[in-house]
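I opened the notebook to look up how some of the helices pack and where the nonpolar residues gather.

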Amino acid sequence: MSLAPETLGDTTDASSFLHLNPPFRAEHVGSLLRSASLLERRAQFQTSACTAEELRAAEDAAIADAVKLQQGAFYEGIFEQFSGMSNIVRPIETFKAYLPYVQFFIYAGFKEVPSIYCTGKIQWPEGGVHLRDFEYLKSLVQPQDIKKLKVTVCGPTWMHLRHGSDNTYDTAVYKTDDAYFADLVQAYREELRALYASGCRNIQFDDPTFAFFCADSTVEGMKKAGVNWEKLLDTYIRVYNDILQDRPGDLTVCLHTCRGNYKVRAARTSPAPLGLHYCEGGYDRIAQKFFNELKVDCYYLEYDTERAGDLEPLKYLPQNKIVVLGLVTTKKGQLETVEELRDAINEAADLIAQGNFKRSRAYALNQICISPQCGFASVAEGNPITEEEQRAKLALVVEAAKKILE
Ligand SMILES: [Zn+2]
């Protein structure tokens, strides 16, 4: 995905950027609603009413259904698969109170919350983390479509943001952040190498970390706690770049960031208030570094409500990257119109074209794709949206991409 700077501004050259490889003009970010039968199986597994094999069969069936709905998939849970990482209940004091969702834990009266603690040397597990799922997914599509499949991986900075330099790892194992991240980076590199060897050409990191830096409350809290937020942001960018160093040229790597995607259902309000979201704030604070220093090909950005700020920060987008605008909300069923999406995309194209790196408007438009803001079910019970509404949202993304972007 490299573009020669001397060709910029020429619409003929811009049209050579055909989007036949990921990211596509109509994109998807996260999870789909889990079926009732899958949720029931998981509940049975919790009470030992079914075996791990029976649960696996239900999950395989659900993945096959998801593939029928669209060619894509969402995975989770990389940290606990690495050796050295323990999934345990942790005291609330080990979480950083300046993070909005931790404030919610405190508000709700939680004294302890399950999380990951690094208790040993981090190592990639033989056989990989997402490899078996990717092999299964491959079996569901035509060989020529394998390169289009996307594997979503949890961001490497997530646990460190949550627990900080003091509570992320046992200091008997790692003395410094640098030592912790060096082994974590190696484990991620092994995973990406294994996925690539299996045919994967499209990776999406799912990482709200960056959006959390957009929230004034988080940055103010960091300052009060003595955390240098700019240095921390630099560290996190470096961790990604170390993982992605020397990656194959035909491996597309994207990053999704958003401010939380959990809308509490009316029937489940206790103890959370209705409409809870994690944080708010535009991309302005991070945009320069985020778009220019982070060595990914593409960004999936939340843009479905005013909490994500305006489109202005897109002026920092360089010429060799793609932005997927998450303009279609996943938090409610009400359907957006193609005209609304067209207005936003036109504004984005103007900002990018006239931005810090000038280019033609056609070129800028060719750097834009569209998707739902996030998954439809970032937590198991899903957002308050029906399967019919979900289907309509996915269809709208495709229709809008055809009418506006092609
Ligand atoms: Zn998201």
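I call a crossing left-handed if the near helix is turned anticlockwise from the far one by less than a right angle, and right-handed if clockwise. Helices are DSSP runs (H or I, at least four residues), numbered from the N terminus. The model is a predicted one, in which local features need pLDDT of at least 70, side-chain atom pairs count only at pLDDT 80 or more, and totals for chains, interfaces and linings use all residues. Residues are numbered from 1 along each chain as its sequence is written.

I looked up helix 12 (residues 338-353) first and noted that it passes helix 14 in a right-handed crossing. In this contact V338, L341, R342 and I345 of helix 12 meet E399, A400, K403 and I404 of helix 14 (contact: C-beta atoms, placed from the backbone, within 7 Å).

I then turned to helix 7, which also makes a right-handed crossing, with helix 10. There I found D177, F181, V185, Y188 and R189 of helix 7 meeting T235, V239, D242 and I243 of helix 10.

Last, I looked up the largest nonpolar core, which has 93 residues, with V323, V324, L325 and I370 having the most contacts inside it. Such a core is a set of buried Ala, Val, Leu, Ile, Met, Phe, Trp, Tyr and Cys residues joined through C-beta atoms within 7 Å, buried meaning that 20 or more other C-beta atoms lie within 10 Å of a residue's own. Helix 7 gives the largest share of this core, 8 residues. Apart from this core I noted another, of 6 residues, among them L33, A66, F376 and I385.

Conventions. Helix = DSSP H or I, 4+ residues; strand = E, 2+ residues; numbered from the N terminus. Contact = placed C-beta atoms within 7 Å. Buried ≥ 20, exposed ≤ 12 C-beta atoms within 10 Å, placed from the backbone.
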